[in-house]
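Okay, everyone, let's take a look at this one together. I'll start inside and work my way out.

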Amino acid sequence: FAKAACTVRSPDHFFASVTTLHSSKTHTLRTNSDMSSHYNKCLAVAALAVASSTCRHDAFAFAFAPRSINNPQFGSTMSRFSSSSSLRASALEELSKLTTLSIDSGDFDIIESFAKTNLITDATTNPLFVSQAGSNGDKRYEAMVEEAVSYAKIESCNLEGCDNVEDTIDLAIDRLSVNLGVEISKLVPGKVSTEVDIRLSYDTEKSVERARRIIAMYEKLGVDRKRVLIKLAGTWEGIQAAAILEKEGIECNITLVFSFLQAAAAAQAGAYLISPFPGRILDWHKVKSGRDSYSPGADPGVVAVKRMYAYFRKYGYKTICMPASWRPSRGFDVEGAEVDEILALAGVDEMTIPPNLLEKLASMDASVVNKNCDAEADAAVCTDPDFRLTKESFESYWNTDGCGKDKLEEGINAFTAETEKLSQIIIGKF
């Protein structure tokens, strides 16, 4: 029935398909008044498919699959994206109409399952995902690690050994990041973000060199640079690296953004995209204020992201605002609060969301989604001047930005620790 409903182009086509599928079984298609509830559900779905000329196979299948039948076709992956009680759209579907969605994961199987919904277009990775890929034991990831080590040896060593072991390890890390990105690019139709070594966050020149090397590897493996975003930390030096790379056609994602200052500098540098972290901004304000919760619209992280978005739209910057890293505005003990910030920012350019929160949105009704970010309306209420930042003015303002300074340092330190762990894993493979 799922196959019939999802390939239907006309009522006659549907009837023919079902008849063919069940001609050898005890179940037969009946059109009289004693038609079973199961068939009624199937016909309802078919009618919906005819009306819309579209089909979401996973969501449709679970909607009319009888629970008494142990059919692997209607497994757990399918059920995550649908409701057994109604055919109404989910919050995830509704959100995807307002905002481009990216998945924040390095797990191939999970990425593939969400990509098949056609709601997710992009994917982001970070040092944690690359580190996990280097140590999770899955043969697919193990093969990527082995290839990365072999590549680094061939490129930077000779029969007498490696001239600079640290450089060889760094090359292997970059290669592993690219290997991971290449495989993900086969699963999603859009862009894949790959991060430059976080330990270079305060070195513009070396960040540019590593970014160029990453892009060169992608292109040699058949992935066009337009499908790759180079992630750089939101330091002044990282932002200036982005300014150089963007002029070379290498698009950049400025990550670890916790303040309006970073966002403005990134936009002025021509960065393709920024990744502000509303959840971590909220964490900082909770500690400083002593508060346990906020209403979603007053969440400091939400307010900060909306300010960045409004500034971009008012002054015509093309930089995309893609928030990441989420927390429950109303607190961890409130049902549904884990997606408070996501819903409060519905309508922003793009979001990157981890699998568990994508699943939560898929289980919620579309009625919870409202457009809370609007380019024209938000630009109209922006009061920030378009003050051109220099290194001196940036550093002067930065010294007074408690949240930005604290959370950026914390983020760099956390990702540095993951990169060091990965280095040890790579060393163990030589």
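So, the second largest cavity holds about 60 Å³ of space. This is a predicted model, by the way, so please keep that in mind. That cavity is one of 3 of 30 Å³ or more.

Who lines this second largest cavity? Going along the sequence, we have S102, D122, A123, T124, K191, V192, S193, L229, Y272, L273, M322 and E350. Sorted by class, that lining has 6 nonpolar, 3 polar and 3 charged residues.

And which strand gives the largest share of the lining? That's β2, with 3 residues. Strands β2 and β5, the latter running over 192–195, each put in at least two.

Okay, on to the packing. The largest nonpolar core has 107 residues, and I230 and I353 are the ones with the most contacts inside it. Helix α10, residues 165–185, supplies the largest share of this core, with 9 residues.

Let's zoom in on I230. What does I230 touch, if we skip residues up to four places away in sequence? There's T194 and V196, then A211, I214 and I215, and then I250, E251, C252 and N253.

Another isoleucine to click on is I239, in helix α12, which covers residues 236–246. Buried or exposed? I239 is buried, because its relative accessible area is 0%. Setting aside neighbours within four places in sequence, I239 is in contact with A233, G234, I254, Q262, A265, A266 and A269. Take the last of those: I239 and A269 sit 30 residues apart in sequence, yet their C-alphas are 6.8 Å apart in space.

Now helix α6, residues 91–98. Its buried residues are A91, L92, E93 and L95. And what covers them? The cover includes strands β1 (100–104) and β10 (350–353), along with helices α16 and α17, the latter at 355–363.

Next, a couple of backbone oddities. N118 isn't a glycine, but its phi is positive, about 65°. You'll find N118 in the loop between α7 (108–115) and β2 (122–124). N118 counts as exposed, because its relative accessibility is 63% and the cut-off for exposed is over 50%.

S325 is another residue other than glycine with a positive phi, near 65°. S325 belongs to the loop between β9 (320–321) and α16 (340–344). Is S325 buried or exposed? With a relative accessible area of 15%, S325 is buried, since buried means under 20%.

Let me zoom out to the whole thing before we stop. How many helices and strands are there in the protein? There are 20 helices and 10 strands. Of the 430 residues in the protein, 53% are buried. As for contacts with a separation of 6 or more, 68% are between residues 24 or more positions apart; the I239 and A269 pair, 30 residues apart, gives you a feel for that kind of separation. Finally, the accessible surface comes to about 19400 Å², and carbon and sulfur atoms account for 51% of that.

That's my tour, thanks for listening.

How values were computed
Residues numbered from 1 in each chain as written. Predicted model: local features only at pLDDT ≥ 70, side-chain atom pairs only at ≥ 80, totals over all residues. Heavy atoms only, no water. Helix = DSSP H or I, 4+ residues; strand = E, 2+ residues; numbered from the N terminus. Buried < 20%, exposed > 50% of the residue type's maximum accessible area, 1.4 Å probe, protein only. Contact = heavy atoms within 4.5 Å. Areas by Shrake-Rupley, 256 points an atom, 1.4 Å probe, with all protein chains shown as cover. 1 Å grid on protein atoms, 1.4 Å probe; cavity = no way out; pocket = protein on both sides within 12 Å on 5 of 7 lines; lining within 4 Å. Points joined across faces, edges and corners; volume = space filled by probe spheres on them. Nonpolar A, V, L, I, M, F, W, Y, C, P; charged D, E, K, R; others polar. Core = buried A, V, L, I, M, F, W, Y, C linked by side-chain atoms within 4.5 Å.
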